[in-house]
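Here is a short report on one structure. It begins with a pocket and then turns to side-chain contacts and the surface.

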Amino acid sequence: MGASLPPPLAVFFQAVLLGLSAGLVYDLLRAVRLRLPRLTAPLDLAFCACGTAAVFLFSLRQTGGQLRLYVLLGAAAGCWLFFRLLSRPLRPVWDLWADSMGDFLRLAALPLRGAEILWEKFRRHGKKLFYFARKCYTIKSNRQSAAFYKGGAGRGKVRK
């Protein structure tokens, strides 16, 4: 029979892994936040909500719904370990991925920019066409009504 860890110690090490994964996600979001500073607050809010949900679901599943102090300490220790040992060596990798994703999105947006330019041309041409059709209708409408009033009634002398 092999040696096994007591359940609280096993849960503690799983919480450390949870903290490591939370640190990894936060480090990934850092690369995005440095390039798009306007997204800092929404990304931080989303990270806090997801981190809280992860700790809640972890404690619900592993400790029967009881929030244990060693779960919080394990998650904090995992986060601290990640930032202490792995964050700095992995930062160039995240920067490369973020730059590559930005380049990909710029290339993917080129057809959309072309479609926007084409739409603007159609809009301008359609606007001119609409005004032309309106003027044409007005001219045709006035020609028909002018033919009805020909005959001199109101021009020249009035007969009794």
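## The largest pocket

Helix α2 gives the lining of the largest pocket its largest share, five residues. This is a predicted model. Helix α2 covers residues 40–62, and α1, α2 and α3 each supply at least two residues of that lining.

How much space lies in the largest pocket? The figure is about 200 Å³. The residues that line this pocket include L18, S21, A22 and V25. F47, C50, G51, A54 and V55 are also among them. So are L72, A75 and A76.

## Aromatic pairs

The whole structure holds five aromatic pairs. One of them joins F12 and F13. Their ring centres are 5.8 Å apart. The planes meet at 65 degrees, and the pair is edge-to-face. Angles over 60 degrees count as edge-to-face, so the label follows from the angle.

Are these two rings buried or exposed? Neither word fits fully. F12 is partly exposed, at 25% relative accessible area. F13 is partly exposed as well, at 43%.

One aromatic cluster is made of Y26, F47, F82 and F83. F47 also appears in the lining of the largest pocket.

## Salt bridges within a helix

Five salt bridges are counted. One of them pairs D27 with R30. The closest N and O atoms of D27 and R30 are 3.5 Å apart. Both residues sit in helix α1, which runs over residues 7–35. They are three residues apart there, so about one helical turn separates them. D27 is buried, with 2% relative accessibility.

R106 and D103 form another salt bridge, at 2.7 Å from N to O. Where do these two residues lie? Both are in helix α3. Again the spacing is three residues, or about one helical turn. R106 is partly exposed at 48% relative accessibility. D103 is partly exposed at 40%.

## A salt bridge between helices

Which residue does D95 meet in a salt bridge? Its partner is R35, at 3.5 Å from N to O. D95 belongs to helix α3 (residues 69–148), while R35 belongs to helix α1. The pair therefore ties together parts that are 60 residues apart in sequence.

D95 is partly exposed, with a relative accessible area of 26%. R35 is partly exposed too, with 32%. The contact is also part of a wider set: R35, D95 and D99 are linked in a network of salt bridges.

## A nonpolar surface patch

Which residues form the nonpolar patch on the surface? They are L24, L28, V93, L96 and W97. Together they have about 450 Å² of accessible area.

Helices α1 and α3 each supply at least two residues of this patch. The largest share comes from α3, with three residues. L96 is in helix α3. L96 counts as exposed, at 54% relative accessibility. The cut-off for exposed is over 50%, so L96 passes it.

## Helices α1 and α3 together

Several features bring these two helices together. The salt bridge of D95 and R35 has one residue in α3 and the other in α1. The nonpolar patch draws at least two residues from each of α1 and α3. The lining of the largest pocket also takes at least two residues from each, and α2 joins them there.

Note on methods. Residues numbered from 1 in each chain as written. Predicted model: local features only at pLDDT ≥ 70, side-chain atom pairs only at ≥ 80, totals over all residues. Heavy atoms only, no water. Phe/Tyr/Trp six-rings, centres within 6.5 Å; stacked < 30°, edge-to-face > 60°. Buried < 20%, exposed > 50% of the residue type's maximum accessible area, 1.4 Å probe, protein only. Salt bridge = Lys/Arg side-chain N within 4 Å of Asp/Glu carboxyl O. Helix = DSSP H or I, 4+ residues; strand = E, 2+ residues; numbered from the N terminus. Patch = residues over 30% accessible without salt bridge, like charges linked within 9 Å, V, L, I, M, F, W, Y side chains within 5 Å. Areas by Shrake-Rupley, 256 points an atom, 1.4 Å probe, with all protein chains shown as cover. 1 Å grid on protein atoms, 1.4 Å probe; cavity = no way out; pocket = protein on both sides within 12 Å on 5 of 7 lines; lining within 4 Å. Points joined across faces, edges and corners; volume = space filled by probe spheres on them.
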